[in-house]
Structures are given as structure tokens and as C-alpha cells.
Amino acid sequence: MLFLRAPGEISYIYPKPFPMIRFHAINGRLTDAAQASLHVNDLAILRGYGIFDFFLVKTGRPLFIEDYLDRFFNSAHLMELDLPVSRTGLHEKILEVIEANKLTEGAIRLLLTGGYAEDSFTPQSPNWLVLAHDLKPHKQELFTAGGKLLLQQFQREFPMAKTINYGNALRMRKKITEADAHEALYHNGREVLESFRSNIFFVFDGPVLATPAEGILLGITRKHVLEMGSSLMPVEVRPISVGEIRHAREAFLTGSNKPILPVIQIGEHQIGDGKVGRVTRQLMDSWGDYLAAAAK
Ligand SMILES: *Cc1c(COP(=O)(O)O)cnc(C)c1O
């Protein structure tokens with residue numbers, strides 16, 4: 001179907017009408033999506049105790065599924081949550097949910113909560129959910145013009161775990177909108193970390209592609225962009241000081257649902273000439289081929 005946008009905007013082909021999401025799986029059982037719920041006694045609600053993960057489904061197949069399963073199990077381990085299902089069992093359930101929804105283009109969200117606690121504190125048995133998503137198309141303008149990031153000193157509590165706690169990001173929403181920004185870039189007073197839901201990359205003179213090494217969630221997109229980028233230029237995974245932002249020629253965010261989003265301003269600093277950079281564009285253009293090669 002062809003969607004015509006406002007004059008000046010690129011018209012684009014919308015892949016297919018989104019299938020209606022009809023099923024999720026709760027503790028392994030397929031459940032009508034409209035009825036899918038957990039009891040209020042879950043520690044996710046009472047204490048914000050839980051982890052999740054999120055990945056795309058393309059042509060009916062989950063993208064980089066082994067990477068995401070690795071990370072989901074690692075997050076569970078870091079938060080001392082026991083998954084009541086095996087890796088194979090979870091993988092099969094994901095495929096079952098995709099199939100039940102006839103999901104060709106969309107996403108899957110995995111969730112592992114603290115589970116029900118009668119005394120509101122002591123975990124008993126975690127609840128695990130496989131949720132199907134359809135996706136809205138991105139605002140193309142953000143990708144052609146690039147986004148703005150605020151700078152914020154903030155460190156996520158368990159940086160290596162994908163926990164469900166996005167309290168800071170959510171409470172910042174008004175500030176972000178007022179500043180016409182996309183997200184905020186976290187730093188710890190010395191070094192740049194990541195943004196609300198994405199990893200940050202810089203292109204420095206060389207060109208060299210650089211991304212922070214520690215104190216962050218190790219993004220799956222980050223991993224693959226590093227791999228793809230390393231065939232084009234030197235890559236550096238190292239501490240990046242806040243002061244280095246000034247010297248960046250280009251910057252971009254990575255995340256499963258972006259996958260690469262150009263950044264043209266960080267705090268007070270304009271990045272490069274304030275336009276989407278050459279390397280960023282090249283990586284964005286190469287992503288499709290990279291996926292196709294990875295799917296073989
Ligand atoms: C999910 C997330 C990312 C990006 O990870 P991907 O695996 O690329 O989606 C980065 N930082 C945080 C805090 C995240 O939650």
C-alpha cells in the first residue's frame with residue numbers, strides 16, 4: 001500500500017498491513033492478547049523487579065535470536081531470577097507465538113517478572129511472558145535529518161542487565177519533548193555511557209568508529225554494527241570522555257528497532273556540520289545487506 005506523506009516528505013511503501021496481534025504466551029500458555037494479564041501481586045508491579053528483551057521479526061523469523069536469548073538468560077542471571085523454562089523451550093514458544101499471530105513483520109518482547117509474592121517482597125516463582133508486537137513505521141524525518149540528545153548524568157542501576165526499570169527515562173519525557181530532543185545521553189561525570197534505550201557511537205577523525213566499553217547494556221545492534229563497521233574502518237571500544245563529544249565528526253544511536261539513528265546535536269554541541277554524516281549514512285545503507293548475509 002502506498003502512503004503519501006506531506007509535500008517534501010518521502011513517500012514510502014508500507015510493507016504490509018500489520019496483522020492484528022491475537023496471542024501472547026504467559027508461562028508457556030497461549031493466551032488471548034486482549035485477556036493477557038498478571039495479578040497485581042507480581043513483584044514487577046510491587047517492586048519493579050523484572051527483566052525483558054525485545055527483538056524484531058522479519059519475514060516471520062526472529063532476528064539474531066541466539067544473541068537475544070543469550071542476553072535474556074544473562075539478564076536473568078544477573079538479577080538472580082530463575083527462568084522456569086529451558087532455552088530450547090523458550091525458543092520454541094517464541095516461534096509458536098510468531099506462528100499463532102501469523103506475524104511476518106513485527107517484534108517479540110520477552111518478559112521475566114519477579115513473580116507473585118504474598119508478603120510483597122519474597123519472590124517465589126517468576127512469571128515469563130512472550131508478547132507479540134506489531135510496529136508502527138518510523139518517522140522518516142528523524143532519520144533523514146538526525147536527532148538531538150540532551151546530556152544527563154545518570155547511571156543505570158544494573159547496566160549489564162536489561163531490567164524493566166526505565167523510571168528515569170520516563171520521568172524525563174516532558175523535558176525531552178520540550179527540548180525537541182529524541183532521548184538523553186547518559187554520562188557518569190567523566191565518560192559517556194548510553195541513552196535511554198540505545199547505545200551511542202561516534203565517528204572521530206581518521207575516520208575511526210568508537211563506542212563506550214563499560215557501564216552500559218551490551219546492545220545486540222551495537223555488536224552487529226561493530227562487526228559491520230570493522231570491515232570499513234578501525235573500530236575502538238573504549239572509555240569515551242564527555243569532553244570528546246566536541247571532537248566527534250558524527251554520532252548515531254543503535255537499537256533493535258532503529259537500528260541506526262543519526263544524531264546531530266548532543267547537549268550544547270552540534271555534531272559535525274549538523275547533518276547526517278557520511279559514515280553514518282554508509283552504515284545505514286549497508287544494514288539491509290548485512291541482515292541478508294546474516295540470514296544465510
Ligand atoms: C535495549 C537497550 C539498548 C539497545 O540494545 P539492542 O540490543 O541493540 O536493542 C541499549 N541500552 C539500553 C539501556 C537498552 O535498554
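**Reading the ligand site**

Colleague: How far does a backbone N or O atom of Ile220 lie from an oxygen atom of the ligand?

Modeller: The separation is 2.8 Å. A pair of N or O atoms within 3.5 Å counts as a polar contact. Please bear in mind that this is a predicted model.

Colleague: Which polar side-chain atoms lie 2.6 Å and 2.5 Å from an oxygen atom of the ligand?

Modeller: Thr221 places a polar side-chain atom 2.6 Å from a ligand oxygen, and for Ser256 the corresponding distance is 2.5 Å. Of the 380 Å² of accessible area that the ligand has on its own, the protein covers 97%.

Colleague: Where does the ligand sit, and how many residues surround it?

Modeller: The ligand occupies the largest pocket. A residue belongs to the surroundings if one of its heavy atoms lies within 4 Å. Here 16 residues surround the ligand, the closest being Arg71, Lys162, Tyr166, Thr221 and Ser256. Sorted by class, this shell contains 5 nonpolar, 6 polar and 5 charged residues.

Colleague: Which helices each supply at least two residues of that shell?

Modeller: They are α2, spanning 65-78, and α7, spanning 220-229.

Colleague: Why is α7 described as largely enclosed by the rest of the structure?

Modeller: A residue is called buried when its relative accessible area is under 20%. In α7, 8 of the 10 residues are buried, and the helix is therefore largely enclosed by the rest of the structure. Ile220 and Thr221 are among these buried residues, as are Arg222, His224, Val225, Leu226, Met228 and Gly229.

How values were computed. Residues numbered from 1 in each chain as written. Predicted model: local features only at pLDDT ≥ 70, side-chain atom pairs only at ≥ 80, totals over all residues. Heavy atoms only, no water. Polar contact = N/O pair within 3.5 Å; in protein donor to acceptor, adjacent residues only side chain to side chain. Areas by Shrake-Rupley, 256 points an atom, 1.4 Å probe, with all protein chains shown as cover. 1 Å grid on protein atoms, 1.4 Å probe; cavity = no way out; pocket = protein on both sides within 12 Å on 5 of 7 lines; lining within 4 Å. Sits in = over half its atoms within 2 Å of the grid points. Helix = DSSP H or I, 4+ residues; strand = E, 2+ residues; numbered from the N terminus. Nonpolar A, V, L, I, M, F, W, Y, C, P; charged D, E, K, R; others polar. Buried < 20%, exposed > 50% of the residue type's maximum accessible area, 1.4 Å probe, protein only.
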